[in-house]
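Please walk me through this model, beginning with the overall fold and then moving to the core and to a handful of individual residues.

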Amino acid sequence: HVAARALRALAGLGEVVLAGVGMGAPVAVALAPALAAKAGLTSVDVSDNDLGDEGVAAVAAALPDLAASLRKLDVSRVGMRAAGAAVLADALPHLVGLRELRLDHNPFPACATLALASSLPLGLTAVSLAGVAMTGRNGPAPDTVARALGAALAPRAERPRDVESLDLS
């Protein structure tokens, strides 16, 4: 794919913005190895694309290779459901450099929101979960997700900085 070839060719690339480019899962799968090879990336924005769970899983698989450098990740409005959220939840704890995470307006269920909240890395200063399920049929109790978010984002000794922004609108 063209974007994957471009990523491979650009040395010193710090930010990848592919927001709203009409990318689907097959392109995300092709792009993931090129993302993983860019160890210095500080920002990845794949928002507003129809990635679905397969595309999100491909992007999430590349993230641990960016653990130290990645500061911002935006996977808003990508059609992520429970399976994609589970793969992303597995990758998040490895992202020790991550400061900003946007998961807005994805159709994953409240149980996936709970899994993601429980796996947030300690260095986050901004989290956006606007428009995602906090409760639902056969899901966690209404206050369970709120408690998990509170616990994950609460100030504590091992957290290098305080969370400055939380969007749950």
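**From fold to single residues**

Read along its sequence, the protein chain of this predicted model follows the pattern α-β-α-β-α-β-α-β-α-β-α-β. The radius of gyration of the protein chain is 15 Å, close to the 15 Å that the globule rule gives for 169 residues, so the chain is as compact as a globular protein of that length. Counted up, the secondary structure comes to six helices and six strands, and the C-alpha trace spans about 45 × 35 × 20 Å along its principal axes.

Several totals for the chain help to fill in this outline. Of the 169 residues, 48% count as buried, while the protein chain exposes about 7500 Å², of which carbon and sulfur atoms supply 57%. If one takes the contacts between residues at least 6 apart in sequence, 85% of them join residues at least 24 apart. As for charge, the chain carries 14 positive and 16 negative charges, and the mean positions of these two sets are 3 Å apart.

The interior comes next. In soluble globular proteins, nonpolar side chains tend to be buried together. In this model the largest nonpolar core has 53 residues, and the members that touch the most other members are Leu63, Leu73, Met80, Leu88 and Leu103. Each of the helices α1 (2–9), α2 (25–36), α3 (52–62), α4 (82–91), α5 (110–118) and α6 (142–153) supplies at least two residues of this core, and the largest share, seven residues, comes from α2. Leu88 gives a view of the core from within, for once its neighbours within four places in sequence are left aside, Leu88 is in contact with Ala60, Leu63, Leu73, Val75, Met80, Leu103 and Leu116.

Which residues does Leu7 contact, leaving aside its neighbours within four places in sequence? Leu7 has its place in helix α1 and, with a relative accessible area of 6%, is buried, since buried here means under 20% relative accessible area. Its contacts, with those sequence neighbours left aside, are Leu13, Val16, Leu31, Ala34, Leu35 and Lys38. Leu7 and Ala30, for their part, are 23 residues apart in sequence, and their C-alpha atoms are 11 Å apart in space.

Further along the chain, Thr113 lies in helix α5 and is buried as well, with a relative accessible area of 1%. Not counting residues up to four places away in sequence, Thr113 touches Phe108, Val132, Ala133, Met134 and Val145.

For a strand residue one may turn to Val127, which is found in strand β5 (residues 126–128) and which, at 2% relative accessibility, counts as buried. When residues up to four places away in sequence are not counted, Val127 touches Leu101, Leu153, Ser165, Leu166 and Asp167. The pair Val127 and Arg77 is separated by 50 residues in sequence and, C-alpha to C-alpha, by 15 Å in space.

The loops offer further points of interest, including two residues whose backbone angles deserve a careful look. Asp48, found in the loop between β2 (43–45) and α3, has a positive phi of about 60° although Asp48 is not a glycine. At 36% relative accessibility, Asp48 counts as partly exposed. His105, whose place is in the loop between β4 (100–102) and α5, likewise is not a glycine and yet has a positive phi, here of about 50°. With a relative accessible area of 44%, His105 is partly exposed, the range for that class lying between the 20% under which a residue counts as buried and the 50% over which a residue counts as exposed.

A last loop position is that of Ala39, which has its place between α2 and β2. Where does this loop residue make its contacts, if residues up to four places away in sequence are not counted? Ala39 then touches Asp65, Leu66 and Ser69. Ala39 and Arg147, by contrast, are 108 residues apart in sequence and 34 Å apart in space, C-alpha to C-alpha.

Key: Residues numbered from 1 in each chain as written. Predicted model: local features only at pLDDT ≥ 70, side-chain atom pairs only at ≥ 80, totals over all residues. Heavy atoms only, no water. Helix = DSSP H or I, 4+ residues; strand = E, 2+ residues; numbered from the N terminus. Rg over C-alpha atoms; globule rule 2.2 N^0.38 Å. Buried < 20%, exposed > 50% of the residue type's maximum accessible area, 1.4 Å probe, protein only. Contact = heavy atoms within 4.5 Å. Areas by Shrake-Rupley, 256 points an atom, 1.4 Å probe, with all protein chains shown as cover. Lys, Arg positive; Asp, Glu negative; His and termini not counted. Charge placed at Lys NZ, Arg CZ, Asp CG, Glu CD. Core = buried A, V, L, I, M, F, W, Y, C linked by side-chain atoms within 4.5 Å.
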